[in-house]
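Me: I am new to this structure. Please take me through it in short questions and answers.

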Amino acid sequence: MNVLVTGGAGFIGRWVVARLLRDGASVLVLDDLSNGREENLRELEGHAGFLGLVRGDLKDAGLLAELFAARRFDRVFHLGASIHVQRSIDDPEPTFRNDAEGTFRVLEACRAEYFARNGLDASKKQFDHDRDVARVSDRSPRVVVMSTCMVYDLAAGGAIPETHPYRPASPYAAAKIASDVLALSYFHAYGMPVTVVRPFNTYGPFQKSNSEGGVVSIFLKRDICGEPLLVKGTGTQTRDLLYVEDCADFVVGAAESASVEGEIVNAGTGHDISVRDLAGLVRGANNSVEHVPHDHPQAEIPKLLCDARKAKRLLGWEPKVPLEEGLRRTRSWLEENRWAW
Ligand SMILES: NC(=O)c1ccc[n+]([C@@H]2O[C@H](COP(=O)([O-])OP(=O)(O)OC[C@H]3O[C@@H](n4cnc5c(N)ncnc54)[C@H](O)[C@@H]3O)[C@@H](O)[C@H]2O)c1
């Protein structure tokens, strides 16, 4: 099975690649290394199924056509994106282009492959859904498009299901919403096997721990260094923290079930913790917690708690790694891999 992972040199992408290789797939990574790192893939390079890292832009239609012509991908995991909320507020264009236009380019490359496999004429002016979809015998490439819990509106206390309203609180969230609905349109218009996956806040080894990283890695690194943990705002905002290997299992599993074609599926633990309590859990005995002003309070979501019942029902997926265990694994990885600081 030939698989393309966009953003595969990034944090979650790296674990998706690892999981696919373990399952026996042949995996090519497309990443421009704007936020990913070659080092993230180093341990995986010797694997027989690892086809390599193509350093390139996922918006490059010509490059995508070349890669598809060479490999005829059976699965595409589209994780490549600009992920920084604050940067999207300061300068929305790169996020819009990478996250909305980028998804369009990837979907178009997948559509060309799907049409070619099924003898459909991509140049035909009038696609006839009923007639042409009835001719489809090869339901591939199966496409998994990565969304984010940051698209959701404030929930009044309960867990957030996929039907919860959106609130594009930042250009990042807006670009992801555009990407999600565009992806679903390829299912409705062409019958393509596309699934949108929406993990909640994900943490673990290989996540950046500098100012652009995730809250767990940032707290852990500061604690290892004996620096006070800085909580933005009141710290009462909550996160449903998903360990990255559970996230990767979910993402990879989403390509293997016809029941999620044309669907959006959340993933999270069903437990949330406030950022203040997280700091208390991470903080060593001699360290302290300090409050600092929030840099983008307007884009903060006060409560993020996942309703993941759909993932359990349709995919049989459930997270396995409890928060304390995930924190322990991430701390020891950070201690042993100072190159990643
Ligand atoms: N980290 C989280 O908590 C979280 C939660 C939910 C969803 N997501 C989504 O998961 C995906 C991966 O996120 P991550 O946390 O691993 O971030 P990341 O920045 O580590 O990974 C994204 C990767 O995409 C690459 N990329 C960006 N623009 C590109 C382009 N134009 N061409 C090629 N490559 C490009 C980056 O270099 C990076 O390696 C993103 O789509 C993100 O929105 C992340």
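Me: Which elements each supply at least two residues of the shell around the ligand?
Reply: The model is a predicted one. Two helices and a strand each supply at least two residues of the shell around the ligand. They are α1 (11-22), β2 (26-31) and α4.

Me: Which of these gives the largest share of the shell around the ligand?
Reply: The largest share is three residues. That share comes from α1.

Me: Which residues come nearest to the ligand?
Reply: There are 29 residues around the ligand. By class, the shell holds 11 nonpolar, 14 polar and four charged residues. Those that come nearest are G7, G10, F11, G36 and A81.

Me: How do α4 and α6 run, roughly parallel or roughly perpendicular?
Reply: Helix α4 covers residues 92-117, and helix α6 covers residues 171-190. Their axes come within 8 Å and cross at roughly 15°. Angles under 35 degrees count as roughly parallel. The two helices are therefore roughly parallel.

Me: Which residues of α4 make the contact with α6, and how many in the contact are nonpolar?
Reply: From α4 come P92, T95, F96, D99, A100, T103, F104, L107 and R111. The α6 side includes P171, Y172 and Y190. Three residues of this contact are polar and three are charged. The nonpolar ones number 13.

Me: At what angle do α2 and α4 cross?
Reply: Helix α4 also meets α2 (61-71). The axes of α2 and α4 come within 10 Å. The crossing is right-handed. The angle is roughly 35°.

Me: Which residues of α2 meet α4?
Reply: On the α4 side are R105, V106, E108, A109, A112 and E113. The contact has seven nonpolar, no polar and three charged residues. From α2 come A61, L64, A65 and F68.

Me: How far apart are the axes of α7 and α9?
Reply: Helix α9 covers residues 275-282. It packs with α7 at an angle of about 35°. The crossing is right-handed. The axes are 10 Å apart.

Me: How many residues in the contact of α7 with α9 are charged?
Reply: V215, F219, L220 and D223 in α7 meet V275, L278, A279 and V282 in α9. By class, seven residues are nonpolar and no residue is polar. The number of charged residues is one.

Me: How many residues of α8 are buried?
Reply: Helix α8 spans residues 244-253. Its buried residues include V244, D246, C247 and G253. The helix is mostly covered. Of its 10 residues, the buried ones number nine.

Me: Is F206 buried or exposed?
Reply: F206 lies in the loop between β7 (202-203) and α7 (215-224). Its phi is near 80°, a positive value in a residue other than glycine. A residue counts as buried if 20 or more other C-beta atoms lie within 10 Å of its own. F206 has 24, so F206 is buried.

Me: What is the phi of R72?
Reply: R72 sits in the loop between α2 and β4 (75-78). It has 13 C-beta neighbours inside 10 Å and counts as partly exposed. R72 is not a glycine, yet its phi is positive. The value is about 45°.

Me: Is the peptide bond from S140 to P141 cis or trans?
Reply: P141 is in the loop between α5 (129-134) and β5. The omega of the bond from S140 to P141 is near 5°. The bond is cis.

Me: What separates the C-alpha atoms of H164 and Y152?
Reply: H164 is found in the loop between β5 (142-146) and α6. Leaving aside neighbours within four places in sequence, H164 is in contact with Y152, D153 and A155. H164 and Y152 are 12 residues apart along the chain. Their C-alpha atoms are separated by 6.8 Å.

Me: How far apart in space are L44 and K124?
Reply: L44 is in the loop between β2 and β3 (50-55). Leaving aside neighbours within four places in sequence, L44 is in contact with V17, A18, L21 and F50. L44 and K124 are 80 residues apart in sequence. C-alpha to C-alpha, the distance in space is 42 Å.

Definitions and conventions: Residues numbered from 1 in each chain as written. Predicted model: local features only at pLDDT ≥ 70, side-chain atom pairs only at ≥ 80, totals over all residues. Axes fitted to C-alpha atoms, helices over the stretch in contact; angles between N-to-C directions. Helix = DSSP H or I, 4+ residues; strand = E, 2+ residues; numbered from the N terminus. Parallel < 35°, antiparallel > 145°, perpendicular 65-115°, else oblique. Contact = placed C-beta atoms within 7 Å. Nonpolar A, V, L, I, M, F, W, Y, C, P; charged D, E, K, R; others polar. Near = placed C-beta within 6 Å. Buried ≥ 20, exposed ≤ 12 C-beta atoms within 10 Å, placed from the backbone. Left-handed = near helix turned anticlockwise from the far one by under 90°.
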